[in-house]
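This briefing introduces one protein chain to a reader who is beginning the study of structure. Please keep the sequence and the model in view while reading the points below.

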Amino acid sequence: MEGYAREPCPWRIVDDCGGAFTLGVIGGGVFQAIKGFLNAPVGIRHRLKGSVSAVRIRAPQIGGGFAVWGGLLSTIDCGLARLRGKEDPWNPITSGALTSAVLAARRGPLTMVSSAIVGGILLAFVEGVNFLYTRHTAKQFHNVSLLLEDPGQLSPEEGSPAPGYSSYQKYH
């Protein structure tokens, strides 16, 4: 599948870890800016300081949590690809479930199972959306007419040169 033509596994892990960190810092920064603004004392100066303070303190922590999740997900995904010998949608779905279970291990086996189910369902949803998007965008290329190699196969109005280019064929 073309959707799975990505970097080789050791670099994929680093790339996914960095992308997840960036996503966590930006998303967490926006969320913490709003939260810090709303929870600060009244006054625009206090609210802006509260917003900046919340972003400075919490955004890197949220980014780090996302990086751990992304790195573990990618590591398990690469391990499954190596173990199974193929890249298909089952690898990320299974790695999402296993990642959620591993990250919930400190809370007990019941939480691990429920987190694994939720993680697997979320990654299955993401893979399903990816599949539908790929399928939808691929339809636009099905109606492309094939170029005719022999210009003699064209109808007379299609084969005639454009205005101003009547003597173009003598240069071929």
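**Overview of the chain**

Of the 172 residues in the chain, 24% are buried. The model is a predicted one. The chain contains five helices and zero strands, and its elements, read from the N terminus, follow the order α-α-α-α-α. Among contacts in the chain with a separation of 6 or more, 54% are between residues 24 or more positions apart.

**Helix 1**

- Helix 1 comprises 31 residues, which should span 45 Å at 1.5 Å a residue. The end C-alpha atoms of helix 1 are 43 Å apart, which agrees with that expectation.
- The buried residues of helix 1 are R12, A20, G24, G28, G29, Q32 and G36.
- Helix 2 is included in what covers these buried residues of helix 1.

**Helix 3**

- Helix 3 covers residues 90–103, a run of 14 residues. From its first C-alpha to its last, helix 3 reaches 20 Å, close to the 20 Å expected at 1.5 Å a residue.
- The buried residues in helix 3 are N91, P92, I93, S95, G96, A97, T99, S100 and A101.
- These buried residues of helix 3 pack against two other elements, namely helix 2 (44–84) and helix 4 (109–138).

**The disulfide and the cysteines**

- The count of disulfides comes to one. This disulfide joins C9 to C78, with an S to S distance of 2.3 Å.
- C9 lies in helix 1 and C78 in helix 2, so the pair ties together parts that are 69 residues apart in sequence.
- Is the disulfide left-handed or right-handed? The torsion about the S-S bond of C9 and C78 is about -100°, so the disulfide is left-handed.
- C9 has a relative accessible area of 22% and is therefore partly exposed, since buried residues have under 20%. C78 has a relative accessible area of 6% and is therefore buried by that cut-off.
- Another cysteine, C17, is partly exposed, with a relative accessible area of 28%.

**Residue G70**

- G70 lies in helix 2 and is buried, with a relative accessible area of 6%.
- Which residues does G70 touch, not counting residues up to four places away in sequence? On that basis, G70 touches D16 and A20. Of these two, A20 is listed among the buried residues of helix 1.
- G70 and T99 are 29 residues apart in sequence, and their C-alpha atoms are 9.0 Å apart in space. T99 is one of the buried residues of helix 3.

**The largest pocket**

- Rolling a probe the size of a water molecule over the atoms shows where empty space is left.
- The largest pocket has a volume of about 400 Å³.
- Its lining consists of 22 residues, and R6, D16, L73, L123 and E127 lie nearest the centre of the pocket. D16 is also one of the residues touched by G70.
- Which helices each supply at least two residues of the lining? Helix 1 (9–39), helix 2, helix 3 and helix 4 each do so.
- Helix 2 provides the largest share of the lining, with six residues.
- By class, the lining of the largest pocket has nine nonpolar, seven polar and six charged residues.

Note on methods. Residues numbered from 1 in each chain as written. Predicted model: local features only at pLDDT ≥ 70, side-chain atom pairs only at ≥ 80, totals over all residues. Heavy atoms only, no water. Helix = DSSP H or I, 4+ residues; strand = E, 2+ residues; numbered from the N terminus. Expected span 1.5 Å × (residues − 1). Buried < 20%, exposed > 50% of the residue type's maximum accessible area, 1.4 Å probe, protein only. Contact = heavy atoms within 4.5 Å. 1 Å grid on protein atoms, 1.4 Å probe; cavity = no way out; pocket = protein on both sides within 12 Å on 5 of 7 lines; lining within 4 Å. Points joined across faces, edges and corners; volume = space filled by probe spheres on them. Nonpolar A, V, L, I, M, F, W, Y, C, P; charged D, E, K, R; others polar. Disulfide = S-S within 2.5 Å.
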